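These are my notebook entries on one protein model. I recorded what I looked up, one topic at a time.

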Amino acid sequence: MKNKIDIFLPYSGLEHTQKSVNELVKDVLVENVFIISTDKAYASLENCKTIFTDKFTSSNTIKLISENSQSEYSLILTKDDYLEMGQHALRRFYNVAINSGAGLVYSNYFEVKDGKRNQLPVIDYQFGSLRDDFNFGYLLFYKTSALKEAVAKSNEHYQFAGFYNLRLKVSQSLPLVRVPEFLYSTIELNTLDSEAEHFAYVDPKNRETQIEMEKAATEHLKNINAYLPPNFKDVDFGKEKFETEASVVIPVFNRANTIGDAIDSVMKQKADFKFNLIVVDNHSTDGTTEILKEYIDKFDNIIHIIPERNDLGIGGCWNVAIDDEHCGEFSLQLDSDDIYADENTVQNVVDKFKEEKCAMVIGSYQTTNFDLEEIPPGLIDHKEWTPENGRNNTLRINGLGAPRAFYTPVLREIKVPNVSYGEDYAVGLEISRTYQIGRIYNSIYLCRRWEGNSDASLDIEKANAHNTYKDRVRTFELLARQRMQK
């Protein structure tokens, strides 16, 4: 049973690592255990060998693992926490790997916090699972030959994107397979605030990391024939006739306590063209409809639509708005619990359309609490987007930013998926395949973060469902881009 698995664990000089090692070496499948350290001052541990590297997340670490692993499979722990293996867990990893021919096997896991064991199910990897924050858990069970092949194919040296580049390379030739069982537990020592984690990729402190991740993702897209060069189709404005130049679109359901603020921010807009507000009231029951009727009596440029259908999500409400005869040439997003930052937002967005001849414009926003007081992370500007490579890099990240605005004829042709999460991302991907997307990097929007948000305090099942949907959208987009290349 020997020569089946070599195991690699990060080591920061903490006592629990020895406990993890002692448990692992008991398994008959284990040949060697290696600890990976960035500091030679740490004492060596019993029953294992030591590897020194520059940075745990680097390409050099992956190369050292490749050189030291002589077994059929290499199990890598990516987090320096105490590891508890489930019953016959290594055998299960091994059997699934053998039976499936996978290049990487991963599983659901438990996370122990404050003595409580929490289930953390992960999701299946698919063709479009390109985001660098895809959660594999903390145990990566690699086929060693696939790992070595990936290292041989890698030309770039990464400090931060080593593991990301590895799994992209392996996925090009072999499947990445999830075991829908809880095969191990990690006892977490350090936690990252979920809000900070959600926005980590736009934190300026992480810019160097993001540059590397983008480079690895772009190389992957080229390898799988899904990369698009910066060649765009210009939009010829004015070919279709519209009564109104711009329409702000607000889909709303039961937002009696915020819809007034949103409408007020639109009515304060100053523009050198005609604009209106289309509110699609998705059969509200909390008094929102009555509030809207009061505004209609005060303003003649508010269109209040109650859809005939009862099966509409946010995307479906958008379709109702853009298909309406009152919709303007440009349709601008405003969520029912957010507001525009000042009176120039509509003008600035339309100007950006005409300046860049693009089919979509995305601004930047400031995060606030319910009382519109600034809260971390503050300005979300998505400066990771570049005109040259944004359409490719957007396949790596999980969102495009806000507020979003569209050239209405293009959106009418594409249509918006009738869902209430990820619909904007799906449309943005499809538009970016053909057209340039314009960006505004100063804040033009105030985004409230509060318990009423649709993405606030998601449980693990809902978060997984959201991520699965966006991965599927990316899968559709990758397939479309590959067809374009042919």
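**Entry 1. Helix 4 and helix 5**

Are helix 4 and helix 5 roughly parallel or roughly perpendicular to each other? Before answering, I noted that the model is predicted. I also kept in mind that two packed helices are described by the angle between their axes and the distance between the axes. I found that the axes of helix 4 and helix 5 cross at roughly 105 degrees and come within 9 Å. Angles of 65 to 115 degrees count as roughly perpendicular, and helix 4 and helix 5 are therefore roughly perpendicular to each other.

I then looked up the residues that meet. Helix 4 contributes Ala146, Leu147, Ala150 and Lys153, and helix 5 contributes Leu166, Lys169 and Val170. Sorted by class, this contact of helix 4 with helix 5 has 5 nonpolar and 2 charged residues, with no polar ones.

**Entry 2. Helix 14 and helix 15**

I turned next to a pair from later in the chain: helix 14, residues 423-432, and helix 15, residues 460-485. Their axes are 10 Å apart, and the packing angle is about 15 degrees. An angle under 35 degrees counts as roughly parallel, so helix 14 and helix 15 are roughly parallel to each other. I recorded their crossing as right-handed.

Which residues make the contact? From helix 14 I listed Tyr425, Ala426, Leu429, Glu430 and Ser432. From helix 15 I listed Lys470, Val473, Arg474, Glu477 and Arg481. By class, the contact of helix 14 with helix 15 has 5 charged, 4 nonpolar and 1 polar residues.

**Entry 3. Helix 2 and Ser59**

I asked which residues of helix 2 (59-68) are buried. They are Ser59, Thr61, Ile62, Leu64, Ile65 and Ser66. The buried residues of helix 2 pack against strand 1 (5-10), strand 2, strand 3 (49-52) and strand 4 (73-77). They also pack against helix 4 (144-153) and helix 5 (162-171), the pair of my opening entry.

I then took Ser59 alone, which has its place in helix 2. Its relative accessibility is 16%, so Ser59 counts as buried, the cut-off being under 20%. Leaving aside residues up to four places away in sequence, I found that Ser59 touches Glu156, His157, Tyr158 and Gly162.

**Entry 4. Positive phi at Asp114 and His382**

I looked up two residues that are not glycines and yet have a positive phi. Asp114 has a phi of about 50 degrees, and His382 also has a phi of about 50 degrees. Asp114 lies in the loop between strand 6 (104-113) and strand 7 (116-120). His382 lies in the loop between strand 16 and helix 12.

Is Asp114 buried or exposed? Asp114 is exposed, because its relative accessible area is 84% and the cut-off for exposed is over 50%. His382, by contrast, is buried, with a relative accessible area of 3%.

**Entry 5. Two cis peptide bonds**

I asked where cis peptide bonds occur, and noted two. The bond from Pro376 to Pro377 is cis, with omega near 5 degrees. Pro377 has its place in strand 16, residues 374-380. A cis peptide bond also joins Ala402 and Pro403, where omega is about -5 degrees. Pro403 lies in the loop between helix 12 (390-393) and strand 17 (404-407).

**Entry 6. Lys26**

I located Lys26 in the loop between helix 1 (16-24) and strand 2 (30-37). Its relative accessibility is 70%, so Lys26 counts as exposed. I also looked up its separation from Val280, which is 254 residues away along the chain. The C-alpha atoms of Lys26 and Val280 are separated by 63 Å.

**Entry 7. The whole protein**

Last, I turned to the overall picture. How many helices and strands are there in the protein? I recorded 15 helices and 18 strands. Along the principal axes, the C-alpha atoms fill a box of roughly 80 × 50 × 40 Å.

The protein has a radius of gyration of 25 Å; this agrees with a compact globule, because one with 486 residues would have a radius near 23 Å. Of the 486 residues, 55% count as buried. I also noted the contacts between residues at least 6 apart in sequence: 81% of these join residues at least 24 apart.

Notes:
Residues are numbered from 1 along each chain as its sequence is written. This is a predicted model: local features need pLDDT of at least 70, side-chain atom pairs count only at pLDDT 80 or more; totals for chains, interfaces and linings use all residues. Side-chain values use heavy atoms; hydrogens and water are left out. Axes are lines fitted to C-alpha atoms, for helices over the stretch in contact, and angles run from 0 to 180 degrees between N-to-C directions. Helices (H or I, at least four residues) and strands (E, at least two) are DSSP runs, numbered from the N terminus. Angles under 35 degrees count as roughly parallel, over 145 as roughly antiparallel, 65 to 115 as roughly perpendicular and the rest as oblique. A crossing is left-handed if the near helix is turned anticlockwise from the far one by less than a right angle, and right-handed if clockwise. Contact means heavy atoms within 4.5 Å. Ala, Val, Leu, Ile, Met, Phe, Trp, Tyr, Cys and Pro count as nonpolar, Asp, Glu, Lys and Arg as charged, and the others, Gly among them, as polar. Buried means under 20% relative accessible area, exposed over 50%, partly exposed in between (1.4 Å probe, protein chains only). The radius of gyration is taken over C-alpha atoms; the globule rule is 2.2 Å times the number of residues to the power 0.38.
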